Amino acid sequence: MNKFAFLGMLVLSITFSIGRSNAQSYDMFVGTYTNGTGSKGIYRFNFDAATGEVRPISVIESPNPSFLAKYENRLLAVNEGEGEQATLSLFDIATANVKLIDKSTTLGDHPCHVAFDAAGNIALVSNYSGGSLALFSLTDNRTKLILHDLLEYEGNGPDPERQEQAHIHSAFFNDGLAYVSDLGNDQIHVYGLSHDGTDLRNGALTLNEQTVIHTIKGGGARHLTFSADGQTLYSLQELTGQIAVFRQENDEWVLKQIVALYGDGFEGKQGGADVKISPDGGSLYATNRGDANLIVHYTVLPNGLLEWQNKYSVQGANPRNFAITPDGGYVLVANQDTNRIVVFKRDAFTGDLEDTGKRIEVPAPVCILF
């Protein structure tokens, strides 16, 4: 290594050390399944980014809060049930004394995902078994939920057991558009939003379809994420344990690459669960449950394509959602079937993960949110 490269790395190291010395603590929420698990609902912790230690704060009682979304002092949780038990709950988390301030039916069975828009005024709920998408606004200083629209989907895919009908699994916002993954149809629907009133309490708020992205046949589109520049989309395929990489060209999403969520020689049941880009945009991580029980790491190249780096055992069973701390220093994986969260340290330069040995005991954890 020449002296200039060494000096450059030294400066980066010093800069990183200074940043880490000022590391803060983060509010951390964990959604769980409560039916038959002993869980009470949502678990709130304080996570120390300097040490990787957590401190329990409180438990928010809520039935099957399987996915969470947060905007400032508001927390949304989908309650994954059927009929009247399929609901969206809105909490005030401004203080340690968390309050349920509103609740609404989602008009579809087994809601499994919820997302805020960038302004925190709109929420989309994915009803998995209902095969539908519910559009909500939050009004009156985000204290009221108003259901504006319900889109119901039809069709199926080649897997007769998992794709017998539409299964809406997630909806993510990017650059003002909503990207809705249908596991049952191997499609991503892209919507714009329009509103014909003076505020969200009046007038119609609607979703207007812009395009449909066709993913891998039989793949089962579940979750997705975007590159830092927003021009590359990574669609996680639950049924085949793959990621489909799309690049935007001339206002179209073009399939550029398909990569696997397992190493060479793996044979067994696939179960792609979650996918995220690191805060610095340089690494992509994804969990694979089924028989794999892994979190995999890819480097994101300048052209948006992925380059394999490594795979890591999650030291548990059925890894679902995972979270990267806002400073990029840790990756936490929720192992649903072994009732614990595993804490990995993340290298700031390489993106490599290292098991810290730290475990957070939580019944049936399925969602982690900072």
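This report describes pockets, sheets and selected residues in a predicted model.

## The largest pocket

The largest pocket of the model has a volume of about 1,100 Å³. Its lining is made up of 34 residues, and those closest to the centre are Phe172, Thr225, Lys276, Ile277 and Leu369. Several strands contribute two or more residues each to this lining: strand E4 (65-71), strand E8 (111-116), strand E12 (168-174), strand E16 (221-226), strand E20 (272-277), strand E24 (319-324) and strand E28 (365-369).

In chemical character, the lining of the largest pocket divides into 21 nonpolar, 10 polar and three charged residues. A general principle lies behind such descriptions: rolling a probe the size of a water molecule over the atoms shows where empty space is left.

## The second largest pocket

The second largest pocket holds about 230 Å³ of space. Among its 17 lining residues, Tyr33, His169, Arg222, Arg289 and Arg320 are the closest to the centre. Two or more lining residues come from each of the elements E4, E16, E20 and E24. These four strands are also named among the contributors to the lining of the largest pocket.

The lining of the second largest pocket consists of six nonpolar, four polar and seven charged residues.

## The sheet from E4 to E7

Strands of a sheet pair through backbone hydrogen bonds, either parallel or antiparallel. One open sheet in the model contains four strands in the order E4-E5-E6-E7, and the pairing is antiparallel. Its edge strands are E4 and strand E7 (99-105), each of which pairs on one side only. On average, neighbouring strands of this sheet are turned by 20 degrees against each other, with direction ignored.

Strand E4 is mostly covered, since six of its seven residues are buried. Six bridges join E4 to strand E5 (residues 74-79), and the two strands run antiparallel. One example is Leu68, whose bridge partner in E5 is Ala77. Two residues lie between the strands in the hairpin of E4 and E5, where Glu72 takes a positive phi near 50 degrees. Further along the sheet, strand E6 (residues 87-92) is joined to E7 by six bridges, again in an antiparallel arrangement. Here Thr87 stands opposite Thr105 in E7.

## The sheet from E16 to E19

Another open sheet of four strands has the order E16-E17-E18-E19, with antiparallel pairing. E16 and strand E19 (252-260) stand at its edges; each has a single partner strand, so one side of each is left without a neighbour in the sheet. Neighbouring strands of this sheet are turned by 25 degrees against each other on average, direction ignored.

Strand E18 (residues 242-249) and E19 run antiparallel and are joined by eight bridges. Within this pairing, Gln248 stands opposite Trp253 in E19.

Val254 is also found in strand E19. Is this residue buried, partly exposed or exposed? Val254 is partly exposed, because its relative accessible area is 27%, which lies between the limits of 20% and 50%. Leaving aside neighbours within four places in sequence, Val254 is in contact with Val245, Phe246, Arg247 and Glu249. Val254 and Leu233 are 21 residues apart along the chain, and their C-alpha atoms are separated by 9.6 Å.

## Two buried residues

His169, already named as one of the residues closest to the centre of the second largest pocket, is found in strand E12. His169 counts as buried because its relative accessibility is 7%, and buried means under 20%. Apart from neighbours within four places in sequence, the residues in contact with His169 are Cys112, His113, Ser126, Tyr128, Ser181, Leu183, Ala221, Arg222, His223 and Glu238. One of these contacts, Arg222, is likewise among the residues closest to the centre of the second largest pocket.

Leu133 lies in strand E10 (residues 132-139). With a relative accessibility of 0%, Leu133 counts as buried. Beyond neighbours within four places in sequence, its contacts include Leu124, Val125, Ser126, Asp149, Leu150 and Leu151. Tyr153, Ile168, Ala171, Val180 and Leu207 are also in contact with Leu133. By comparison with these contacts, Arg55 is a separate case: Leu133 and Arg55 are 78 residues apart in sequence and 36 Å apart in space, C-alpha to C-alpha.

Note on methods
Residues numbered from 1 in each chain as written. Predicted model: local features only at pLDDT ≥ 70, side-chain atom pairs only at ≥ 80, totals over all residues. Heavy atoms only, no water. 1 Å grid on protein atoms, 1.4 Å probe; cavity = no way out; pocket = protein on both sides within 12 Å on 5 of 7 lines; lining within 4 Å. Points joined across faces, edges and corners; volume = space filled by probe spheres on them. Nonpolar A, V, L, I, M, F, W, Y, C, P; charged D, E, K, R; others polar. Pairing = 2+ DSSP bridges. Axes fitted to C-alpha atoms, helices over the stretch in contact; angles between N-to-C directions. Buried < 20%, exposed > 50% of the residue type's maximum accessible area, 1.4 Å probe, protein only. Contact = heavy atoms within 4.5 Å.
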